[in-house]
Amino acid sequence: MNSCDLCIQKGLTSLKALNKEELESIQNTKTTLIFKKGDALFEEGDTTNGVYCIKAGICKMTKLSANGKDQIVKLAQVGDLIDKRLIISEELSNTSAIALEDMEVCYIPREPILNAFNNNNQFSLLLMRSICSDLKEANEMIMNMAQKSVKSRLAFTLLHLQDQFGIDTDKSLKINLSRDELATLIGTATESAIRLLSELKKARFIDLQGKKILILEPQLLKKMAE
């Protein structure tokens with residue numbers, strides 16, 4: 001079993017629609033890249049000319065705001081095709097991708113993906129559904145930022161992180177974000193995020209063990225998020 005087959009099993013549903021020849025074309029043209037924590041896979045304004053498929057690790061997608069601060073707009077994990085919409089739009093990247101931990105990533109040039117998109121109806125349908133899902137997630141983030149309080153956004157984000165990345169053996173969130181990263185994810189100052197986490201701990205909704213966060217009362221957090 002080749003490495004593309006292994007990645008497809010990990011969650012790349014779009015690529016499951018590729019036929020043998022299309023999969024071999026990707027296998028023969030892709031490049032495996034290693035990134036250390038803090039490295040940039042690409043930066044805002046870059047021409048990527050392809051997609052990045054995450055084989056191992058997690059990265060944050062950030063966008064530079066008007067005040068010069070990076071805002072986290074998405075977290076990407078194993079099985080994600082990063083910036084896949086650029087295959088169709090051929091625009092410059094409007095986000096940066098920064099490794100949150102050591103990563104192994106496959107870079108796939110645009111041509112084999114675009115050929116499959118033009119010739120394989122099932123693949124193009126699944127890819128468009130995936131892009132639509134990203135758009136829906138972005139719209140929900142905009143609504144959360146505009147209509148929810150900071151505390152509600154924090155509760156929603158903690159539950160989302162648990163659903164998306166799972167929990168570790170000690171029951172803490174598997175993804176380990178810094179307080180600054182968590183603050184930018186919910187759109188507030190680092191000091192506010194720290195204060196709100198302390199309040200949730202005091203209320204016994206969560207527990208804090210260093211940088212680790214344990215969710216103790218998910219139903220109460222859910223009510224707060226709503």
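1. A salt bridge is taken here to be a side-chain nitrogen of Lys or Arg within 4 Å of a carboxyl oxygen of Asp or Glu. The structure is a predicted model, and in it the count of such salt bridges comes to 10. One of them joins Glu104 and Lys55, whose closest N and O atoms are 3.5 Å apart. Because Glu104 belongs to strand β8 (residues 103-109) and Lys55 to strand β3 (residues 50-56), this pair ties together parts of the chain that are 49 residues apart in sequence. As for its surroundings, Glu104 has a relative accessibility of 24% and therefore counts as partly exposed.

2. A second salt bridge to look at is the one between Asp134 and Lys74, in which the closest N and O atoms are 3.8 Å apart. Asp134 sits in helix α5 (residues 121-147), whereas Lys74 sits in strand β5 (residues 70-76), so that a helix and a strand 60 residues apart in sequence are tied together by the pair. Asp134 is partly exposed, at 28% relative accessibility, and Lys74, with a relative accessible area of 23%, is likewise partly exposed.

3. Lys74 also forms a salt bridge with Glu137, and here the closest N and O atoms lie 3.5 Å apart. Since Lys74 is in strand β5 and Glu137 in helix α5, this contact too ties together separate parts of the chain, in this case 63 residues apart in sequence. Glu137 has a relative accessible area of 31%, which makes it partly exposed. Through shared partners, salt bridges join Lys74, Asp134 and Glu137, together with Lys84, into one network.

4. Turning to the aromatic side chains, a search of the whole structure finds 2 aromatic pairs. One is formed by Phe42 and Tyr52, whose rings are 5.3 Å apart from centre to centre, with 35° between their planes, an arrangement that is described as tilted. The pair links distant parts of the chain, Phe42 being in strand β2 (residues 40-42) and Tyr52 in strand β3, 10 residues apart. Both Phe42 and Tyr52 are buried.

5. Tyr52 also pairs with Tyr107: the ring centres are 5.1 Å apart and the planes stand at 55°, so this pair is tilted. Tyr52 lies in strand β3 and Tyr107 in strand β8, and the pair thus links distant parts of the chain, 55 residues apart. Tyr52 has a relative accessibility of 9% and Tyr107 a relative accessible area of 17%, so each of them counts as buried. Taken together, the ring pairs link Phe42, Tyr52 and Tyr107 into a cluster. A reader following strand β3 and strand β8 will recall that the salt bridge between Glu104 and Lys55 ties these strands as well.

6. The last point concerns two helices. Helix α6 (residues 150-165) packs with helix α7 (residues 179-186) at an angle of about 110°, their axes being 9 Å apart. Angles of 65 to 115 degrees count as roughly perpendicular, and α6 and α7 are therefore roughly perpendicular to each other. Their crossing is right-handed.

7. Which residues of α6 and α7 meet? On the side of α6 they are Val150, Arg153, Leu154, Thr157 and Leu161, and on the side of α7 they are Leu182, Leu185 and Ile186.

Note on methods
Residues are numbered from 1 along each chain as its sequence is written. This is a predicted model: local features need pLDDT of at least 70, side-chain atom pairs count only at pLDDT 80 or more; totals for chains, interfaces and linings use all residues. Side-chain values use heavy atoms; hydrogens and water are left out. Helices (H or I, at least four residues) and strands (E, at least two) are DSSP runs, numbered from the N terminus. Buried means under 20% relative accessible area, exposed over 50%, partly exposed in between (1.4 Å probe, protein chains only). Rings of Phe, Tyr and Trp (its six-membered ring) pair if their centres lie within 6.5 Å; planes under 30 degrees apart count as stacked, over 60 as edge-to-face and the rest as tilted. Axes are lines fitted to C-alpha atoms, for helices over the stretch in contact, and angles run from 0 to 180 degrees between N-to-C directions. Angles under 35 degrees count as roughly parallel, over 145 as roughly antiparallel, 65 to 115 as roughly perpendicular and the rest as oblique. A crossing is left-handed if the near helix is turned anticlockwise from the far one by less than a right angle, and right-handed if clockwise. Contact means heavy atoms within 4.5 Å.
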